[in-house]
Amino acid sequence: QVQLVESGGGSVQAGGSLRLSCTASRYSVSNNCLGWFRQAPGKEREGVARIEASGGVIYYFDSVKGRFTISRDNAKNTVYLQMNSLKPEDTAMYYCAAANGGSCLGSDFPYWGQGTQVTVFS
């Protein structure tokens with residue numbers, strides 16, 4: 001059974017940084033598309049970033065472009081989300097998700113982590 005475990009969330013002042021990690025078990029991050037999503041209270045879940053098996057990032061949500069960076073470490077079977085210049089509107093539960101296949105185009109994400117909370121205060 002595929003397992004995704006996120007870590008790295010927390011509370012940070014606006015302008016600060018956090019790095020989220022997502023480590024996979026029984027799943028190869030090097031061969032598949034991985035993504036980060038978030039959901040704030042009362043709002044729909046939204047995509048944040050995705051990275052293809054080739055390492056080529058294909059998507060950042062507009063509001064995080066230039067501030068967030070998705071990356072992977074295949075040796076550690078882990079995907080990261082570096083978040084800089086955080087804003088209060090970035091406050092949400094952040095989820096790691098994994099697809100079946102290397103391309104992120106039109107991918108479903110059947111595998112999800114339990115989420116890690118990010119709170120940005122002003």
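Reader: In this predicted model, what does tyrosine 94 touch, not counting residues up to four places away in sequence?

Author: With those sequence neighbours left aside, tyrosine 94 touches Glu6, Leu20, Phe37, Arg38, Val48, Phe68, Leu81, Met83, Gly115, Thr116 and Val118. Each of these counts as a contact because heavy atoms lie within 4.5 Å.

Reader: Which residues of the largest nonpolar core touch the most other members?

Author: The largest nonpolar core has 28 residues, and those that touch the most other members are Trp36, Leu81, Met83 and Tyr94. Two of these, Leu81 and Met83, also appear among the residues that tyrosine 94 touches.

Reader: Which elements give two or more residues to this core?

Author: They are strand 3 (18-25), strand 4 (34-39), strand 5 (46-51), strand 7 (68-73), strand 8 (78-83), strand 9 (92-98) and strand 11 (116-121).

Reader: What does the second, separate core include?

Author: That second core has 6 residues, including Phe37, Ala99, Cys104 and Phe109. Phe37 is also one of the residues touched by tyrosine 94.

Reader: Why is serine 11 called exposed?

Author: The relative accessibility of serine 11 is 57%, and a residue is called exposed when that value is over 50%, so serine 11 counts as exposed. Serine 11 is found in strand 2 (residues 10-13).

Reader: What does serine 11 touch, not counting residues up to four places away in sequence?

Author: Under that restriction, serine 11 touches Thr119 and Phe121. Serine 11 and phenylalanine 121 are 110 residues apart along the chain, yet a distance of 7.4 Å separates their C-alpha atoms.

Reader: How many of the contacts in the chain with a separation of 6 or more come from residues 24 or more positions apart?

Author: Residues at least 24 positions apart supply 57% of those contacts.

Reader: What makes the radius of gyration of the chain agree with a compact globule?

Author: A compact globule with 122 residues would have a radius of gyration near 14 Å, and because the chain has 13 Å, the two agree. Along the principal axes, the C-alpha atoms fill a box of roughly 40 × 30 × 25 Å. Of the 122 residues, 43% count as buried, a word that applies under 20% relative accessible area.

Reader: How many helices and strands does the chain have?

Author: There are 0 helices and 11 strands.

Reader: How many positive and negative side chains does the chain have?

Author: The chain carries 11 positive and 9 negative side chains, with 4 Å between the centres of the two sets. About 6000 Å² of the chain is exposed, and 46% of that area is supplied by carbon and sulfur atoms.

Methods. Residues are numbered from 1 along each chain as its sequence is written. This is a predicted model: local features need pLDDT of at least 70, side-chain atom pairs count only at pLDDT 80 or more; totals for chains, interfaces and linings use all residues. Side-chain values use heavy atoms; hydrogens and water are left out. Helices (H or I, at least four residues) and strands (E, at least two) are DSSP runs, numbered from the N terminus. The radius of gyration is taken over C-alpha atoms; the globule rule is 2.2 Å times the number of residues to the power 0.38. Buried means under 20% relative accessible area, exposed over 50%, partly exposed in between (1.4 Å probe, protein chains only). Accessible areas come from the Shrake-Rupley method with a 1.4 Å probe; for residues, only the protein chains shown count as cover. Lys and Arg count as positive and Asp and Glu as negative; His and the chain ends are not counted. The place of a charge is taken as NZ of Lys, CZ of Arg, CG of Asp or CD of Glu. A nonpolar core is a set of buried Ala, Val, Leu, Ile, Met, Phe, Trp, Tyr and Cys residues joined through side-chain atoms within 4.5 Å.
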